[in-house]
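Please open the structure in a viewer and follow the stops below in order. Each stop proposes a selection and then describes what is found there.

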Amino acid sequence: MTRLPAPWGKWIDRTKSLSFWFEGKSYPAHQGDTVASALLANGQSLIGRSFKYHRPRGSYSAAGWDANALVQAGSKPNLSADRLAVQDHLQVKALNYFGCLNRDWGRLVEKASRLLPAGFYYKTFFTPRIAWKFWEPVIRHMAGLGRVDLQAAHAYYDKEYLFADVAVIGAGPAGLAAALEAAKAGAEVMLIDEDQQIGGSLNWARGGDGEPMAKLAGWPRISLLEQASVQALFDDNWLEIVKGNRLYKLRAKSVVVATGCYQMPLVFRHNDLPGVMLGSAVQRLMRLWGVVPGRRAVVAAANEDGYAAALDLMDAGVQVEAIADLRAHRDAGPFAIEAGQRGLRILQGVTPYEAHENNNRLAGVSLAQIMGEGRCGPVFERIDCDLLAVCVGRIPATGLLSHAGAKFAHQAHMDLPTELPAHVFAAGSVNGCLSLDAAQKDGKRAGALAAKSAGFEAETPPAPLRDCEGVTHPWPIFAHPAGMEFVDLDEDVQIKDIVASMQDGYDHIQLLKRYSTSGMGPSQGKLFWPHVKRLMAKEKGVTPAEIGASTIRPPMGGETLGHLAGRGFEPVRLTAMHRRHLELGGVMMPAGAWMRPAYYGQDKNAIEKEVRAVREGVGLIDVSTLGGLDVRGPDAAAFLERLYTWTYAKLAVGRARYVLMCDQTGVVIDDGVAARLHDQHFYVTATTSGVDRVFRLMQWHNAQWRMNVDIAQVTSAYAAVNLAGPKAREVLAKAGTSVDISKEALPYLGVREGMVAGIQARILRIGFVGELGYEIHVPAQYGEALWDALMTAGQDFGIKPFGVEAQRILRLEKGHIIIGQDSDALTHPFEIGMDWAVKMDKPFFMGQAALRAHLEKAPTRKLVGFELENDQGPLPKECHLAIEDGEIAGRVTSVARSPALGRVIGLAFVPPGKAQAGSRFQIRVDGGSMVGARVTPVPFYDPKNQRQEM
Amino acid sequence: MPLVLIKHALGLSRPKRQLPAQKELKSSYDVVIVGGGGHGLAAAYYLAKDWGVTNVAVLEKSWLGGGNTARNTAIVRSNYITPEGVRFYKESMGLFETLSQDLDFNVMYTKRGHLTLAHTDAAMRTMRWRAEVNKHLGVQSEVVDDKDVARIEPALNMSRAVRWPILGALHHPVGATARHDAVAWGYAQRAAEMGVEIHQGTEVTGFELSGGKIVSVQTTRGKVGCGKVLQAVAGMSSKVAGMAGVTLPIRTIPLQACVSQPLKPFLDTIIVSGSLHCYIWQSQRGECVMGGAVDPYPLQAPRSTLDFKEGLMAHMLELIPGLADVPLMRQWAGLADMTPDFSPVMGKTSLENHYIDAGWGTWGFKATPVCGKRMAECVATEKVPDILSAFRFDRFKNFEQVGEAGAASVGS
C-alpha cells in the first residue's frame with residue numbers, strides 16, 4: 001500500500017489500520033478509506049465488469065457518479081466502491097463476471113458487439129415463436145448486476161422528521177456561504193452534505209482553502225447533516241435524505257440547492273479502461289485519501305481544471321507526460337501559466353484518440369490532432385501511461401432542481417437553471433458560478449434570498465456574473481472507425497448506438513433513451529446525457545438546446561427499499577377483552593385491522609358446540625370491533641335519512657332500527673343499526689371493515705350538506721358484547737342491571753342506557769344470531785370487567801364464549817347477509833331481498849336515483865337460500881358458480897352445515913326465474929362436478945323469528 | 001446467433017428507418033386518432049390491416065407512446081372477475097401470443113406466471129370466484145394454498161409471524177409481461193408501412209362540431225378535417241372528450257411505480273398482493289418493477305411522492321424481506337382514468353362520429369391489442385362488436401356496470 005505523505009490524504013487516519021476482502025483477497029486500508037481508494041492504494045484498479053460487454057472497469061469519478069465501480073458487500077448489492085467506507089473484515093465482491101474478475105469469459109460478448117447493435121433484441125429472437133423461450137432466460141442471465149440474498153437478515157432501518165427554515169444542500173463553497181448568510185438573517189439552517197467531511201471542492205481542488213468546518217464555528221443556528229445524501233426534492237420543499245440506515249424527511253420553508261457540478265467525460269475509443277479517470281477523481285484520490293492512481297499520466301484538458309490537475313499530479317511526484325489540450329489556444333489562466341513555467345509538455349488542439357489496454361487497464365494513449373468537430377487527423381504519437389485524467393468540462397448537478405420543476409437553458413454548453421419554483425434557490429457552480437469567488441458570492445446571495453423567502457429580513461447582495469464561458473468543451477466526442485467509444489459507461493452505449501437509434505427513427509430524446517437504453521442504468525445518465533444530446537443534435541441538424549432536457553427522476557442514488565420501508569407500521573387492533581380470549585384458548589383471526597377469536601379451544605367440534613350453546617343455552621361474543629358512530633345535533637335524524645335507505649325521523653327514542661347504506665350507484669356498501677338514545681342523538685353501528693369508509697362518507701357529505709350535526713367515530717371508545725341465547729335475560733339479570741329488562745319493558749329492538757354489573761352501558765336488544773340477545777356497549781376500559789361479570793353470572797347457565805365462525809353459521813341459519821360476502825361490488829338492495837329497508841318515497845337518499853333506474857329494469861339476479869339435494873357428496877364452497885345450460889348463472893356466497901337443522905344450507909345468487917322456493921339449480925364444485933341445490937325460503941331456522949322476540 | 005444479427009454485422013441488411021419521419025398534415029383524413037400511445041397506434045394498425053382504412057392520422061401531443069404506454073408496468077393477464085372482462089382480456093392475450101411475429105418486432109412477450117396473494121379469508125373467497133369464472137371461460141387460473149405458493153415462487157416470505165401472512169393465492173400460469181414501449185413502436189412501424197400517418201408533437205386543442213358530428217379537429221399545427229374521430233388518450237380522456245362536449249364518468253388519479261437497480265435474476269413470477277397494495281416482477285434487465293394502488297386523491301399531474309414509496313416498500317419487505325438492501329433506481333407516475341365500475345369505456349359516444357377508448361384506470365396496457373383490433377372494427381363498420389358491448393358508454397346512465405373492482409390489480 002503506497003500513500004502520499006501528509007498533507008495529502010486528509011480524510012484517512014494513518015494511525016488506524018484496517019483490512020478488508022475483495023474477491024477473496026485481503027487488502028490493508030486506513031480508517032477513512034473507501035473501497036475504491038484502498039484498492040487503488042494497493043494497485044488494484046480493476047473493480048468490476050461492464051453491463052453489456054463485460055469490459056474491465058475501475059473507479060471513474062471517485063464520487064459514485066457512475067456505475068463503473070459498483071460492488072457487492074455481503075448481502076448488499078450495487079454499492080459504489082467510490083463511496084463505500086472500508087470497515088474491518090468487510091467482504092467485497094465485484095459484479096457481473098463469469099469465471100473470474102481478471103479473466104471474464106463474459107467478455108466474449110464484446111467480440112460479438114457488431115452483432116449487437118442498439119435495439120438488437122427488438123429485431124430478433126422471435127422467429128420461430130419458440131425462440132424467445134430460449135433466448136429470454138439467456139438474456140436475463142446475462143443482465144443484472146448485484147445479487148439479492150433472500151436469506152440475509154433484515155438490517156434495522158428507521159426514520160426521523162426534521163424541520164428547518166432554510167435547507168442548504170451541499171456544503172461546498174457556495175453552500176457554506178449560503179448557510180452562513182441565512183443564519184445571519186436569523187434562520188434555522190440545516191446544512192446537508194454527502195461527503196465524509198464538508199467542504200466540497202475546498203477539500204480537493206487546487207487552491208481550495210481547506211478549513212471548511214472553521215467557517216461554521218459559532219453559528220448555533222446551523223445544524224449539520226453530514227454523510228447524508230438528498231435523494232429527492234418533492235413538492236412543497238419536502239426533502240428525502242438518506243444517512244446510514246436512516247431516512248430523514250425534512251420540511252423546509254426554503255431550499256438552497258448548491259450541489260455543484262459533475263465533471264464531463266471525454267468520449268473516445270476505449271475511454272472506459274481502468275486508469276482513465278475524471279481529473280476531479282484524481283484530485284480527490286490524492287488529496288482526500290493520499291492515493292496516486294498512476295505513475296505516468298497524460299491529462300486531457302479543455303479548461304483550467306486540466307492544468308490544475310496536471311500541477312497536482314506533478315506535486316505528487318507523478319510523471320506527467322503531456323497535457324493534450326483540446327482547444328487550439330489555451331487561456332492564460334494562472335494554472336496554465338504555471339504549467340508552462342514548470343516545463344510541462346502542452347499539446348494544443350490535440351485529443352486522446354484511443355486508449356490502449358494491457359492486463360485489464362490503461363497502458364497507453366494515442367493522440368491525434370483535432371481537425372474539426374469530432375474529427376481527428378491521423379494518430380501522431382502513442383504515449384505509454386497508466387493514467388489519463390480528463391478535464392474537458394462541467395455538468396451542473398441539476399437533478400434536485402429538476403425534481404422541483406425548474407426550467408433550464410443551454411448556456412456555455414451546459415444546462416443551467418433559468419426558472420426556479422418558489423422558495424427554491426440555486427447557488428454556486430450548479431448555477432454557473434464556477435470560480436471560488438463567484439461561487440461564494442452566489443451562495444451569499446442565495447442564502448439571503450432563501451432567508452427572506454422563509455420570512456426573515458435580509459439584504460440581498462447582488463448576483464455575481466456567471467463565469468462559466470469557455471469551461472465546457474462543445475464537442476469532446478471523437479468517433480473511431482472501430483468504435484468502442486462509450487457515451488454511457490453504465491449501459492455500454494457507443495456513439496454508433498446513438499446514431500443507429502436515430503436512424504432507426506427514435507429521434508425524440510425519450511424514444512432514444514428507451515431504445516438505446518442510454519441513461520437507463522444505475523446512475524441514470526448523470527454524466528452521459530449531455531453527450532447523448534450533442535450526438536442527437538448533430539444527427540438531427542439542430543442545436544443541443546433544441547433537443548430539450550430529459551426529466552431527471554428521483555432518487556439521486558443510494559436509497560434502498562429498507563430506507564423507504566423503515567420499521568414498517570402495520571397496526572394491529574386488539575379489543576379490551578383480548579387477554580380473556582387468549583386465556584380461553586381463542587384461535588385469533590384478522591378482521592379488518594382487528595384480531596377476533598374465530599373459535600375457542602382445540603376441539604374439532606368447537607364451532608358446532610358454540611353454535612349449540614347459543615341456540616340452547618347462552619353464549620357471549622365480543623363485538624367490540626363493530627364500528628360505532630355518534631351522530632348528534634338537531635339534524636341528526638335528517639342526516640341519517642339522507643345517508644341510509646330507511647327512515648329514522650319518526651324512530652322513537654329508546655328504539656333501534658336497521659341501517660343500510662348504498663353508494664351513488666345504488667350498490668350496497670354497509671349496514672348496521674341506528675339506536676336513538678335521544679331526540680338529537682343516534683348511536684350508529686357499522687361493519688368492522690366498513691366503518692372507516694362510512695365515517696369518511698359521513699364527513700364528506702356533511703361538508704357538502706352543511707347540516708347541523710356532529711359526527712364522532714367512537715369505535716375504539718366502546719367495548720361491546722352480544723349476550724345471546726334463550727337464557728340471556730337470566731344471565732343479564734344475575735349480572736345485575738339498573739334497566740328493566742323484562743320482555744315488556746325492553747322488547748326486541750329496544751334500547752336503554754343504564755348500569756350493567758356496575759358499569760354504565762348502552763343496552764341494545766338486537767342480535768345477528770336470531771336468539772334473545774342483548775348487545776351491551778360499555779366504555780372500552782370496562783370491557784374486560786363486563787366480560788368477566790357476564791361470564792361469572794353465566795356460569796350456572798352454562799354460558800359459552802363463541803367466535804366469528806359460530807356467528808357466521810348462526811346468522812346463516814337466520815338468512816342474515818354479510819355485506820361484502822353475500823353482496824359484491826354491484827349488488828343493489830333489491831337483489832338481496834332488502835326491499836323492506838329501502839324507502840323509495842323519501843325525498844332523497846344516497847343512491848336513490850340509481851335505485852329508481854334499477855326498479856324500472858328487469859332484475860338480473862336474486863340472492864336466495866338453498867339447501868343441497870344430497871348432503872353426502874362433494875360440498876360447494878363459497879364462490880363456486882351456479883351453472884345453467886353451460887353458462888354462468890350465479891354464485892354461492894355463503895355455505896355451511898347447520899347444526900340446528902342437520903343439513904348443508906347456503907345463500908346464492910341465481911337468475912330471477914330460479915328464485916322461487918323449490919327451484920332447482922346446479923353448482924359446479926371443485927374438480928368440476930355438479931351438485932344439485934334447491935331454493936329454500938329464509939330464515940332456514942325459526943322462520944317466524946319468534947326466538948329473538950322472546 | 002440469429003441470422004438477422006449476422007446479416008446486420010456483415011452489412012448485408014441496411015438499417016431502415018423503423019419509425020416514420022414527420023410529414024406535413026393533410027387537410028383531412030377519413031379517421032383521426034387522437035393519442036399516439038399503444039391503443040391509438042394499435043387501432044391505426046388494425047384499421048389499415050383488417051379493414052383497409054389507411055387514410056388515417058394518429059395525432060400525438062408529445063412523443064410516441066409517451067403517455068401511460070411509457071409509464072405502465074407491462075403486466076398482461078386475463079384473470080378478471082366478470083365474464084365480460086375475462087373474455088375481453090383473454091382475446092387480448094391471444095393476440096399478444098403472436099404479436100412479435102405479426103409485427104415483425106420483438107415485443108418480448110414472456111409468460112412468467114402470476115400470483116395474486118390472499119392474506120385473508122375474504123381474499124381467498126374472491127380468488128375462488130375469479131378462478132371459477134376464469135376456468136369456465138377457458139382461462140388458466142387456480143386457487144392454490146400456501147404450500148403451492150411457496151413452491152411456485154420460493155422468493156416469497158411464507159412466515160406466519162408477519163402482520164398479513166400469505167394464506168394462498170390465485171395462480172394464473174399464463175400471466176405475462178411485454179416490453180411496453182416495443183408494443184407501441186411495433187404497431188407504429190407496421191401501421192406507417194400501410195400508409196397511416198403518425199404525427200408526433202401535434203396536440204389536439206379542440207373539435208369543431210356541426211349537426212351532432214365532429215367536422216374538424218383543431219391542433220397546434222392547424223386544422224384537419226375528419227370523417228371519424230377516435231380518442232385514445234388515457235389520463236386525458238375527460239379533457240379531450242370535454243372538447244367535444246362529452247362528459248365522462250371518470251376521475252383521473254395518479255398511479256405511481258418505480259424500479260430498482262438491475263440485479264441478477266431471483267424472481268420469476270409476477271407477484272401481486274391486493275391486501276398489501278403492492279406488486280413486483282423482475283424485468284429482463286434485472287430491475288424489480290414495483291407499484292401499488294392509485295394515489296389517495298384525484299390529480300391531473302403525474303408527480304412522484306415520497307409517501308407512495310414508503311408505503312409500498314413497507315409492504316414489499318413483508319413479502320420479500322431480502323430486498324431491504326436493494327437500491328431503488330427511478331420512480332415516476334402516470335395518470336389513471338378511473339371509472340365507477342373499474343371497467344373501461346369503449347364504443348361510440350352521443351356524437352355520430354366520435355369513438356371513445358377510455359377509462360383504462362390501471363388496466364390499459366394489457367388490453368392494447370384487443371382494444372386496438374376491436375375499436376378498429378367498431379370505427380370501420382360503425383357497429384359495436386359484441387365483445388365491446390358490455391363496455392358501452394351509456395351503461396353508466398342505465399346503471400348496467402361491469403364490476404371489476406374485485407379484480408383490479410391492487411384494489412382501488
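**First stop: an enclosed helix**

Select helix α8 (residues 279-289) of chain A: 11 of its 11 residues are buried, so this helix is largely enclosed by the rest of the structure. Please note that the model is a predicted one. The buried set runs from Gly279(A), Ser280(A), Ala281(A) and Val282(A) through Gln283(A), Arg284(A), Leu285(A) and Met286(A) to Arg287(A), Leu288(A) and Trp289(A). Arg284(A) and Arg287(A) are thus among the buried residues of α8(A). After α8(A) comes Gly290(A), with a positive phi near 65°.

**Second stop: helix α13 and its cover**

Move next to helix α13 (residues 495-503) of chain A, and colour Ile495(A), Lys496(A), Asp497(A), Ile498(A), Ser501(A) and Met502(A), which are buried. Which elements cover the buried residues of α13(A)? Among them are the strands β27 (486-488) and β28 (493-494) and the helices α14 (509-516) and α15 (529-540), which belong to chain A. Beyond α13(A), select Gly505(A), where phi is positive, near 105°.

**Third stop: two packed helices**

Display helix α5 (residues 173-184) of chain A together with helix α12 (residues 436-453) of chain A. Their axes lie 7 Å apart and the packing angle is about 35°. The crossing of α5(A) over α12(A) is right-handed. On the α5(A) side, the contact includes Pro173(A), Ala174(A), Gly175(A), Leu176(A) and Ala177(A). On the α12(A) side, the contributors include Leu436(A), Ala439(A), Gln440(A), Gly443(A) and Lys444(A). Of the residues in this contact, 14 are nonpolar, 4 polar and 3 charged.

**Fourth stop: chain A as a whole**

Now zoom out to the whole of chain A, which holds 25 helices and 47 strands. Its radius of gyration is 38 Å, well over the 30 Å that the globule rule gives for 950 residues, so chain A is more spread out than a compact globule. Along the principal axes, the C-alpha atoms of chain A fill a box of roughly 115 × 70 × 55 Å. Buried residues account for 57% of the 950 residues in chain A. Considering contacts in chain A between residues at least 6 apart in sequence, 66% join residues at least 24 apart.

Colour chain A by its domain assignment: domain 1 (158-262 + 395-453), domain 2 (583-625 + 717-811), domain 3 (627-716) and domain 4 (858-942). The centres of domain 1 and domain 4 of chain A, taken over C-alpha atoms, are separated by 68 Å.

**Fifth stop: where the chains meet**

Show chain A and chain B together. How many residues does each chain give to the contact? Chain A supplies 85 residues and chain B supplies 72. On the side of chain A that touches chain B, helix α4 (residues 130-142) of chain A gives the most, with 5 residues. By class, that side of chain A has 40 nonpolar, 25 polar and 20 charged residues.

**Sixth stop: the domains of chain B**

Select chain B alone and colour domain 1 (24-75 + 180-249 + 341-407) and domain 2 (112-176 + 252-338). Over C-alpha atoms, the centres of these domains of chain B are 29 Å apart. The contact between them takes 16 residues from domain 1 of chain B and 16 residues from domain 2 of chain B. On the domain 1 side, α3 (68-71) and α9 (237-243) of chain B each supply at least two residues. That side of domain 1 of chain B has 5 nonpolar, 10 polar and 1 charged residues.

**Last stop: backbone details**

Most residues other than glycine have a negative phi, and most peptide bonds are trans. The following selections depart from that pattern.

- **Pro7(A):** the peptide bond from Ala6(A) to Pro7(A) is cis, with omega near 10°. Pro7(A) sits in the segment before β1 (13-22) of chain A.
- **Pro555(A):** the bond from Pro554(A) to Pro555(A) is cis, with omega near -5°. Look for Pro555(A) in the loop between α16 (544-547) and α17 (561-565) of chain A.
- **Arg706(A):** although not a glycine, Arg706(A) has a positive phi of about 55°. Its place is the loop between α21 (691-705) and β36 (710-713) of chain A. Arg706(A) is exposed, with 9 other C-beta atoms within 10 Å.
- **His277(B):** this residue, not a glycine, has a positive phi of about 55°. His277(B) lies in the loop between β14 (270-273) and β15 (278-282) of chain B. With 18 C-beta neighbours inside 10 Å, His277(B) counts as partly exposed.

Note on methods
Residues numbered from 1 in each chain as written. Chains lettered and ligands numbered in written order. Predicted model: local features only at pLDDT ≥ 70, side-chain atom pairs only at ≥ 80, totals over all residues. Axes fitted to C-alpha atoms, helices over the stretch in contact; angles between N-to-C directions. Helix = DSSP H or I, 4+ residues; strand = E, 2+ residues; numbered from the N terminus. Left-handed = near helix turned anticlockwise from the far one by under 90°. Contact = placed C-beta atoms within 7 Å. Nonpolar A, V, L, I, M, F, W, Y, C, P; charged D, E, K, R; others polar. Domains from an automatic or database assignment. Rg over C-alpha atoms; globule rule 2.2 N^0.38 Å. Buried ≥ 20, exposed ≤ 12 C-beta atoms within 10 Å, placed from the backbone.
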